[in-house]
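Colleague: I would like a close look at a single part of this model. Please take me through one sheet and its surroundings, strand by strand.

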Amino acid sequence: MTETTRSTPEPSAAPRAREEVLVTAGDLATLRDMGMCPVLLDVRWSLAVPGSAPQTRADYEAGHIPGSLYVDLGRDLADHTETDPRAGRHPLPTPAQFQETVRGWGLETDTPVVVYDDNASQGAARCWWLLKWAGFTHVRVLDGGLSAWTGAGGDLSTEESEPVPSQVPITPGSMPTLDADAVAALAQDAAATVLDARAPERYRGDTEPLDPQAGHIPGARNAPVTDNVDGQMFRSGEELAGIYGSHGALEGPVGVYCGSGVTASLDVLSLHLLGVDAALYPGSWSAWSNDPARPVATGEE
């Protein structure tokens, strides 16, 4: 799909309350016991890199938080019909595609939703971002994911829920995005920050296991997605502020990208916690590196 370009808002002055963005396993269990359980979306997904097996529906079927709906990242959270490599490996679903998906989950505009995975919230963050992009406001991520749930004594189920489809309309574009030209300009703006969420060795161009060129967008800084968490749990607000403050990302406009626009959502979510509404470059490096006209930088910042 063709990406839309929107201006990046200035960051807010104050961090958001953690409970507005994240939910603990204990609080989720309490909501469930009170009969107020939100819609639960299980986003089992891991990077398909050499030596690792991507998680599949079989992982969900083997055990999930009771009542959860399975989310297939490639089918539900990306445009699986797009074939142009310049769109990236996980282009955003079209508004029509995603509207059909959320209707299948039975969501209404004001439905409380909690998304989780067991991969340090990297897949869950993509689902969180897309739901926010589509105009849903009551969306949170389970801090610590499935391991936090089971670690707190939560039970698992192998039964699948059958939601009643809705006719909810979505409002796409409710989260800011950047296209390639916009992210290139932002990276050269001294008052702005562009963050590359990939591993340092991929940012530097030492290796590139997935995309046609190694390196990064000139002017981008490296903020690895793994820095957002300690194990599976999100770092404290103070720790996140220290990380992103060191990149200058708490002042001025911010754009974020990764390999294919998935894990960068976790950087966006962490910045959202800090009160910074960063813009996502959905095509990310997989789109940028498939365009030979785009410049490539290597090495350290």
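Modeller: What follows starts with the sheet around β4, then moves to the helices beside it and to the rest of the model.

Keep in mind that this is a predicted model.

Start with the overall layout. Five strands form an open sheet, and their order is β1-β5-β4-β2-β3. The pairing is parallel. β1 and β3 (69-70) are the edge strands. Each has a single partner strand, so one side of each is left without a neighbour in the sheet.

Now go in from the β1 edge. Strand β1 covers residues 22-23, and strand β5 covers residues 139-142. Two bridges join them, and the two strands run parallel. Take V23 as a marker: its bridge partner in β5 is L142.

Next comes the pair of β5 with β4. Strand β4 spans residues 113-116. Three bridges link β4 to β5, again in the parallel sense. The register can be read residue by residue. V113 stands opposite V139 in β5. V114 stands opposite R140. V115 has V141 as its bridge partner in β5.

How does the chain get from β4 to β5? It crosses from β4 through α6 to β5. This β-α-β crossover is right-handed.

On its other side, β4 meets strand β2, residues 39-42. Four bridges join β2 to β4, and these strands also run parallel. Here L41 of β2 has V115 in β4 as its bridge partner. V115 therefore serves two neighbours: L41 is its partner on the β2 side, and V141 is its partner in β5.Where do the side chains of β4 point? In a regular strand the side chains alternate between the two faces of the sheet. V113 and V115 point one way from β4. V114 and Y116 point the other way. All four are buried.

Follow the chain out of β4. The loop between β4 and α6 holds A120. The place of S121 is in that loop too. Both residues have positive phi values without being glycine. Phi of A120 is near 55°, and phi of S121 is near 65°. A120 has 9% relative accessibility, so it counts as buried. S121 counts as buried as well, at 2% relative accessibility.

After the loop comes α6, residues 122-133. Helix α5, residues 95-104, packs against it. Two packed helices are described by the angle between their axes and the distance between the axes. For α5 and α6, the axes come within 11 Å and cross at roughly 105°. That makes α5 roughly perpendicular to α6. P95, F98 and V102 make the contact from α5. From α6 come L130, L131 and W133. By type, the residues of this contact are six nonpolar, no polar and no charged.

For context, turn to another sheet. Four strands form an open sheet in the order β7-β6-β10-β11, and the pairing is parallel. Its edge strands are β7 (221-222) and β11 (279-280), each pairing on one side only. Strand β6, residues 193-196, pairs with β7 over two bridges in the parallel sense. D196 stands opposite N222 in β7. Helix α8, residues 180-187, packs on this sheet. α8 touches β6 and β10 (254-257). The direction of α8 makes about 115° with that of β6.

One more residue is worth a stop. G237 lies in helix α10, residues 237-246. G237 is partly exposed, with a relative accessible area of 31%. Leaving out residues up to four places away in sequence, G237 touches R18 and L274. G237 and P15 are 222 residues apart in sequence. In space, their C-alpha atoms are 8.1 Å apart.

Back to the part you asked about. β4 has β5 on one side, joined over three bridges, and β2 on the other, joined by four. Its residues V113, V114, V115 and Y116 are buried, and the chain leaves through a loop that includes A120 before it runs through α6 to β5.

Note on methods: Residues are numbered from 1 along each chain as its sequence is written. This is a predicted model: local features need pLDDT of at least 70, side-chain atom pairs count only at pLDDT 80 or more; totals for chains, interfaces and linings use all residues. Side-chain values use heavy atoms; hydrogens and water are left out. Axes are lines fitted to C-alpha atoms, for helices over the stretch in contact, and angles run from 0 to 180 degrees between N-to-C directions. Angles under 35 degrees count as roughly parallel, over 145 as roughly antiparallel, 65 to 115 as roughly perpendicular and the rest as oblique. Contact means heavy atoms within 4.5 Å. Ala, Val, Leu, Ile, Met, Phe, Trp, Tyr, Cys and Pro count as nonpolar, Asp, Glu, Lys and Arg as charged, and the others, Gly among them, as polar. Two strands pair if DSSP finds at least two bridges between them. A crossover is right-handed if, with the strands pointing away from the viewer, the path from the first strand over the helix to the second runs clockwise. Buried means under 20% relative accessible area, exposed over 50%, partly exposed in between (1.4 Å probe, protein chains only).
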